[in-house]
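Biologist: I'd like to go through this structure with you and ask how each label was earned. Could you show it to me before we start?

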Amino acid sequence: MKEVKILQNIRIGQSTDIHKLEEGLRLTIGGEHIECSKGCVAHSDGDVLTHAITEAIIGALGLGDLGGFFSDSDPKNENRNSLEMLEEIRDVMVRHGYSIINIDSIVILEEPKLKKYSEKMRKNIAKSLRIDYNLVNIKATRGEEIGFIGRKEGIMAQAVVLLEKNV
Ligand SMILES: [Zn+2]
């Protein structure tokens, strides 16, 4: 019976975000500016990774999706720093009495390699959530020259988050 109680206090959330890439736009991933000739077409800053993590937290709380909180027709969200949205959702999570156990995520893009940015991206996400850097994992993979990612037409990020109820 004790195990059942623990499970009731743990909630999982998941999200996938996709953005179209176009020449000449700024590319921001995990709050870091990425050197790239292309950037995301978006109403906000188009930070695909931060969007996925933010929406995974919303999902874990059972509160719908990212668009329900941040409308892409609201001028307030135009070119908005996505880390600010993450911080807003962190406040919602705290009001609901939950804390993050851990986050795992992956960014899928053809180029460039994100290895040199990943530590800073982890730090940015952890800082916005006010959690230990070790609770945030960020992976990256390529599109292997196939599909919309392989053709460098778009970028995708996926995130999974586990929350626990504060006692
Ligand atoms: Zn997005």
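Biologist: Why does Ala159 count as buried or exposed, whichever it is?

Modeller: Ala159 has 1% relative accessibility. Buried means under 20% relative accessible area, exposed over 50%, and partly exposed in between, with a 1.4 Å probe and protein chains only. Ala159 therefore counts as buried. One caution: this is a predicted model, in which local features need pLDDT of at least 70 and side-chain atom pairs count only at pLDDT 80 or more, while totals for chains, interfaces and linings use all residues. Residues are numbered from 1 along each chain as its sequence is written, and side-chain values use heavy atoms, with hydrogens and water left out.

Biologist: Where is Ala159, and what is it in contact with?

Modeller: Ala159 is in strand β7, residues 154–165; strands (E, at least two residues) and helices (H or I, at least four) are DSSP runs numbered from the N terminus. Contact means heavy atoms within 4.5 Å. Leaving aside neighbours within four places in sequence, the contacts of Ala159 include Gly13, Ala52, Ile53 and Asp104.

Biologist: What makes Asp17, His19 and His51 donors of the zinc ion?

Modeller: Donors are N, O and S atoms within 2.8 Å of the metal (3.2 Å for Na, K and Ca). Asp17 (OD), His19 (NE2) and His51 (ND1) coordinate the zinc ion at 2.0 Å, so they meet that definition. Water is not among the atoms, so sites may look incomplete. The two histidines link distant parts of the chain: His19 is in strand β1 (residues 10–23) and His51 in helix α2 (residues 48–60), 32 residues apart. Both are buried.

Biologist: Why is there no disulfide between Cys40 and Cys36?

Modeller: A disulfide is a pair of cysteine sulfur atoms within 2.5 Å. The closest cysteine sulfur to that of Cys40 is in Cys36, 9.0 Å away, which is too far for a bond. A search of the whole structure finds 0 disulfides. Cys40 counts as buried because its relative accessibility is 7%, whereas Cys36, at 28%, counts as partly exposed.

Biologist: What makes Phe69 and Phe70 an aromatic pair, and why is the pair called tilted?

Modeller: Rings of Phe, Tyr and Trp (its six-membered ring) pair if their centres lie within 6.5 Å; planes under 30 degrees apart count as stacked, over 60 as edge-to-face and the rest as tilted. Phe69 and Phe70 are 6.4 Å centre to centre, with 40 degrees between the planes, so the pair is tilted. The search of the whole structure finds 1 aromatic pair. Phe69 is partly exposed, with a relative accessible area of 35%, while Phe70 counts as buried at 8%.

Biologist: How do you know that a charge sits over the ring of Tyr133?

Modeller: The rule asks for NZ of Lys or CZ of Arg within 6 Å of the ring centre and within 35 degrees of the ring normal. The charged end of Lys123 sits over the ring of Tyr133, 5.8 Å from its centre. Arg122 lies over the face of Tyr133 too, at 4.3 Å from the ring centre.

Biologist: Last one: why is His96 called partly exposed?

Modeller: His96 has 37% relative accessibility, so it counts as partly exposed. His96 is found in the loop between α4 (82–95) and β5 (98–108). Not counting residues up to four places away in sequence, His96 touches Leu61, Leu63 and Lys165.
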